[in-house]
Amino acid sequence: MPQLHLPWLELTVLLPLAGAVWTSQIKNRERARIAATIICFLTLIFACSEWLDFALLETFEAHDHWDIFQWLFQRDVLVVDELSAPLFPLGALLYLTTVMTTLRTKVNRFSFGWTLFSESVLMATLASRSPWLIIALLTLATAPPWIELRKRGRSTRVYTLHMALSCGLLIAGQWLAGANASAADPPMLAGGLLTAGALVRSGICPLHCWLTDLFEKATFGAALLLVTPMTGAYAVMRLVFPIAPAWALQSIAILSLVTAVYAAGMAHVQKDSRRFFGYLFLSHSSLVLVGLELATPIGLAGALCVWLSVGISMLGFGLALRSVEARLGHVPLDRHHGLYGQTPFLAGMFLLTGLASIGFPGTIGFIGTELLIEGAVGVYPLVGFAVVLAAALNSVAVVKAYFRVFTGPQRDTSIPMGCRPAERVTILVMVLLILGGGLLPQPGVQSRYHAARALLDHRHPEPELSESSESSESSELSESSGSLAPAPSPGSPVPSPSPIKRRDHETD
Amino acid sequence: MDLVETYFHWLGMIVVVSPTILLAALGLPMLLGVSLSETAQARLTKAAVSLGLLAASAVLTLMLTTGSRHVVIELGNWVSIDAEHFHFHLKFVFDRLSTPFVMLSFVLCGVVGAFAAVYLHRDGGYRRFFLLYALFLLGMVASSLAGTIETLFFGWELVGLSSALLVAYFHERPAAVRNGQRVWAVYRIADAAFLIAALTMHHLTGGGDFEELMGAGAWPDGVAAVEPWQALAVGLLLLLAAAGKSGMAPFSGWLPRAMEGPTPSSAIFYGALSVHLGVFLLLRVSPLLDASLALRIIVTLLGLASAAIGALTSRVQSDVKNALAFASLTQVGIITVEIGLGLRYIALTHMIGHACLRTLQLLRAPSVLRDHQMREDAVGRRLTGDDVENKQKPTVFQLWLYRVAFDRAYLDAMLDSWVVRPFLAAFRTFDALERRWTEFLSGPAEAKSSAHDESWEDAA
């Protein structure tokens with residue numbers, strides 16, 4: 001296996017772990033926050049370096065130079081591949097921005113030690129290829145929020161029940177699947193258990209109540225850190241995708257789509273900003289799952305793009321909401337708060353990130369969303385239309401929330417509402433990523449498409465399925481159960497369902 | 001590429017790039033926390049609009065001189081995945097439809113920009129207005145000149161967002177914000193219909209280029225290569241999109257709501273340009289209408305219904321902006337009828353004339369009553385018509401008609417009763433059930449008070 005030039009993966013895993021030990025020893029909370037910020041910043045640097053290094057290698061997967069874990073366990077424990085490579089910087093950015101934007105008034109209730117520990121676990125999860133290790137790390141990642149809930153004296157039963165169910169299903173499924181499971185000979189029961197476990201973790205309806213419950217009971221930061229990396233979707237890709245047959249994946253896609261539409265509808269009736277965010281996020285993450293399970297190059301590429309765009313935009317959206325909440329306390333959405341006059345900068349970020357999450361033109365989510373819709377329509381036209389519906393409902397919900405929080409009679413407060421420098425920097429970084437990715441989408445799309453092709457090729461090693469994209473997609477389209485799309489005859493132009501693309505066929 | 005083509009290319013580029021630069025010039029300083037003076041913003045706006053208009057005029061002159069009816073400005077692929085034949089093609093077209101419409105956009109935006117620079121002087125939202133104005137201008141130019149359906153969708157969305165945010169321009173007024181939200185919701189329905197129509201068209205024809213969709217001939221001579229039932233299906237979706245964008249029945253309720261925005265935005269968006277974008281779409285896809293007689297009949301009937309509702313409702317409005325809004329609806333309905341009847345040039349001319357007239361009326365609206373009152377004060381008596389001369393009792397039918405007009409044909413009420421309330425009621429029920437389920441799982445020990453439910457005083 002090719003090697004990175006430096007042990008970036010080990011650094012991204014071990015540095016936050018060491019930082020967790022260090023910051024937990026610091027009694028002064030403000031100093032702990034500074035220390036955590038430095039650790040998170042360095043982790044982000046290492047994660048970006050890993051991505052860059054990996055991209056320069058032009059390979060599907062790679063492991064560390066001077067790999068201590070390989071030396072210890074005699075196998076590749078930490079590996080980066082095309083799927084996980086951009087997720088490292090995204091995860092590290094998530095932690096850095098969350099720590100940076102934690103106000104002094106909140107440092108006493110936000111545990112930086114556990115935060116860094118969970119960052120280390122997340123990085124290790126992304127770097128793991130062994131199913132058992134992934135399951136173990138996913139289980140471990142549930143601990144910090146649980147401990148926080150206990151410390152706050154809140155009920156942990158909803159969270160515990162769902163997480164225990166998820167982990168139990170994953171363990172049972174993996175135990176039944178064994179090491180030789182593949183899509184060619186799918187273990188039905190094991191696949192079903194693994195799928196169920198991953199979907200519970202993703203919050204798929206009707207087992208999604210833990211997500212809104214967590215947002216209500218835990219600190220906003222802790223809830224954001226647990227759900228925003230979309231580890232449930234990652235579990236699906238690592239544990240289910242390689243062994244599930246196409247029809248099973250597409251069934252998961254339908255289930256995810258129902259969740260996306262349902263959660264978008266639920267976001268409209270929420271009076272609590274945190275529950276609103278929970279449902280909005282659930283809708284978006286379900287759309288990512290829809291694309292992932294389509295198992296077509298376009299749909300998968302779209303989902304991988306949307307994964308990144310939703311990660312960035314929902315992170316920004318959540319941080320904007322958290323910043324408002326940190327100043328005003330609870331932000332009910334059944335009335336107007338009139339904050340625009342005091343925090344126009346925050347208002348702009350709230351709106352921009354919300355629009356980016358729905359794939360508004362010119363933002364990072366635009367092309368990804370359109371690829372996703374294209375992929376969905378290619379498999380089931382009605383699914384594509386439902387994706388459009390979910391996106392429309394989400395967009396109405398986002399602007400409604402913007403109006404509720406930032407418009408209305410101006411509210412006078414005795415505390416400063418302006419952004420702190422750290423928040424301003426965070427906002428600028430987010431805006432740069434959202435607009436930069438939106439205006440220059442080609443590199444990102446190309447990279448994600450390449451990853452999608454590689455993932456599909458690894459899923460279908462048979463030569464006839466990886467010979468050409470056209471034939472593989474066409475065969476999957478025609479084979480997909482109940483496909484409403486007309487199956488193109490050999491040699492005839494493939495009809496294109498995309499709203500934003502032109503298919504140049506043989507005439508090109 | 002010969003010299004004329006080079007001129008066309010660069011002039012076309014200037015038309016498209018000038019509003020883009022304006023948006024960047026107004027948006028980036030805001031982002032970086034730099035405050036541009038009102039004068040600087042007004043000058044930037046004037047320069048960008050003038051440059052765009054001059055370039056568009058030059059394109060028109062060149063087209064007339066060379067006899068060209070169809071000028072294509074190719075900008076290449078914004079995104080492409082060659083292996084999947086996926087291309088986001090950036091292409092702009094100057095033809096008999098787009099050139100007048102883009103020039104109209106520049107002229108009216110220029111007029112309204114100059115008006116707004118004075119009207120909004122020292123207003124707290126001056127910067128926000130001009131930023132959204134730039135966004136709107138870019139959306140209009142992209143929509144007008146779009147050579148592919150994806151580019152049209154891009155511009156269509158920008159216009160929708162800027163319009164909705166400008167309706168809610170006066171943030172402190174809850175009614176304005178509610179109306180902005182309503183406009184946004186209607187626009188999103190229209191956008192969804194547009195997107196689905198575009199998907200279906202791609203599915204049917206295998207391309208997003210208007211040339212592929214509507215035939216290779218210059219507008220309006222293209223022939224859509226689709227079956228009548230296909231044209232009907234796609235056409236109905238596009239009609240829904242156009243109805244949402246142009247405020248036609250059953251969505252006409254948002255038109256008076258949109259008048260909550262400042263006068264310049266009302267004039268340019270809901271009197272002049274935005275309200276015509278729906279009918280512009282119908283004109284752009286008019287070869288599709290030719291493919292289905294049923295579709296043409298439906299378009300004509302919808303236009304008639306909208307015109308009738310507009311004419312009736314505008315007569316009972318007590319507010320000048322609302323009266324003008326419904327008068328606009330009447331004209332938009334008539335333009336739609338013209339499109340349905342295949343009178344495309346008449347529809348285009350009507351659209352341009354109506355946009356100019358309505359802009360003038362809406363810009364004049366805030367001052368005309370004041371001028372009238374000043375004149376009456378100077379003369380010392382009432383000048384015209386507040387007295388009701390007709391002493392006859394209205395008939396039952398007249399009363400019924402008045403009630404229908406007063407309630408705006410009950411269209412908003414119908415949408416609320418049939419769509420909005422059932423939707424919200426269903427999800428509120430789900431929400432209540434979920435909460436009960438979560439409380440059941442949490443057990444009785446769970447305290448009611450939420451940990452994050454703390455006042456800002458506690459946080460401080």
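User: Before we look at anything, what counts as a pocket here?
Analyst: A pocket is an open set of grid points, on a 1 Å grid over the protein atoms alone, with protein on both sides within 12 Å along at least five of seven lines. Keep in mind that this is a predicted model.

User: OK, so how much space lies in the second largest pocket?
Analyst: About 1,100 Å³.

User: And which residues lie nearest its centre?
Analyst: His268(A) and Val396(A) from one chain, plus Ala185(B), Val420(B) and Phe423(B) from the other. The whole lining of that second largest pocket comes to 32 residues.

User: Which elements give two or more residues to that lining?
Analyst: In chain A it's H18, and in chain B it's helix H6 (174–205) and helix H17 (411–442). H6(B) gives the most, with 11 residues.

User: What's the lining like by class?
Analyst: For the second largest pocket you get 18 nonpolar, four polar and 10 charged residues.

User: Let's switch to the two chains. How many residues does the contact take from each?
Analyst: There are 95 residues from chain A and 74 residues from chain B. The area buried between the chains is about 7,200 Å², and carbon and sulfur atoms give 63% of that.

User: Why quote an area at all?
Analyst: The size of an interface is often given as the accessible area lost when the parts come together.

User: How many salt bridges are there between chain A and chain B?
Analyst: The count is three. One of them pairs Asp431(B) with Arg275(A), with the closest N and O atoms 3.1 Å apart. There are also 14 residue pairs in polar contact between the chains, counting pairs with both residues at pLDDT 80 or more.

User: On the side of chain A that touches chain B, which helix gives the most?
Analyst: That's helix H18 (residues 381–406) of chain A, with 12 residues. By class, that side of chain A has 47 nonpolar, 22 polar and 26 charged residues. H18 of chain A also turns up in the lining of the second largest pocket.

User: How many salt bridges over all chains?
Analyst: A search of the whole structure finds 23. Among them is Arg238(A) with Asp81(A), at 2.9 Å from N to O. Arg238(A) sits in helix H12 (residues 231–240) and Asp81(A) in strand E2 (residues 79–81), both of chain A, so the pair ties together parts that are 157 residues apart in sequence.

User: New topic: the backbone. Is the peptide bond from Cys205(A) to Pro206(A) cis or trans?
Analyst: It's cis, with omega near 5°. Pro206(A) is in the loop between helix H9 (188–202) and helix H10 (209–217) of chain A. In chain B, a cis peptide bond joins Ala249(B) and Pro250(B), with omega about 5°.

User: Where is Pro250(B) found?
Analyst: In the loop between helix H8 (228–246) and helix H9 (254–258) of chain B.

User: And what is phi of Arg408(B)?
Analyst: Near 55°, a positive value in a residue other than glycine. Arg408(B) lies in the loop between helix H16 (396–406) and H17 of chain B.

Terms used
Residues are numbered from 1 along each chain as its sequence is written. Chains are lettered from A and ligands numbered from 1 in the order in which they are written. This is a predicted model: local features need pLDDT of at least 70, side-chain atom pairs count only at pLDDT 80 or more; totals for chains, interfaces and linings use all residues. Side-chain values use heavy atoms; hydrogens and water are left out. Contact means heavy atoms within 4.5 Å. Buried area is the accessible area (1.4 Å probe) that two parts lose on being put together, summed over both. A salt bridge is a side-chain nitrogen of Lys or Arg within 4 Å of a carboxyl oxygen of Asp or Glu. A polar contact is a pair of N or O atoms within 3.5 Å; within protein, one must be able to donate a hydrogen and the other to accept it, and residues adjacent in sequence count only if both atoms are side-chain atoms. Helices (H or I, at least four residues) and strands (E, at least two) are DSSP runs, numbered from the N terminus. Ala, Val, Leu, Ile, Met, Phe, Trp, Tyr, Cys and Pro count as nonpolar, Asp, Glu, Lys and Arg as charged, and the others, Gly among them, as polar. On a 1 Å grid over the protein atoms alone, a cavity is a set of points where a 1.4 Å probe fits but cannot get out, and a pocket is an open set with protein on both sides within 12 Å along at least five of seven lines; lining residues have an atom within 4 Å of a point. Grid points are joined across faces, edges and corners, and a volume is the space filled by probe spheres set on the points.
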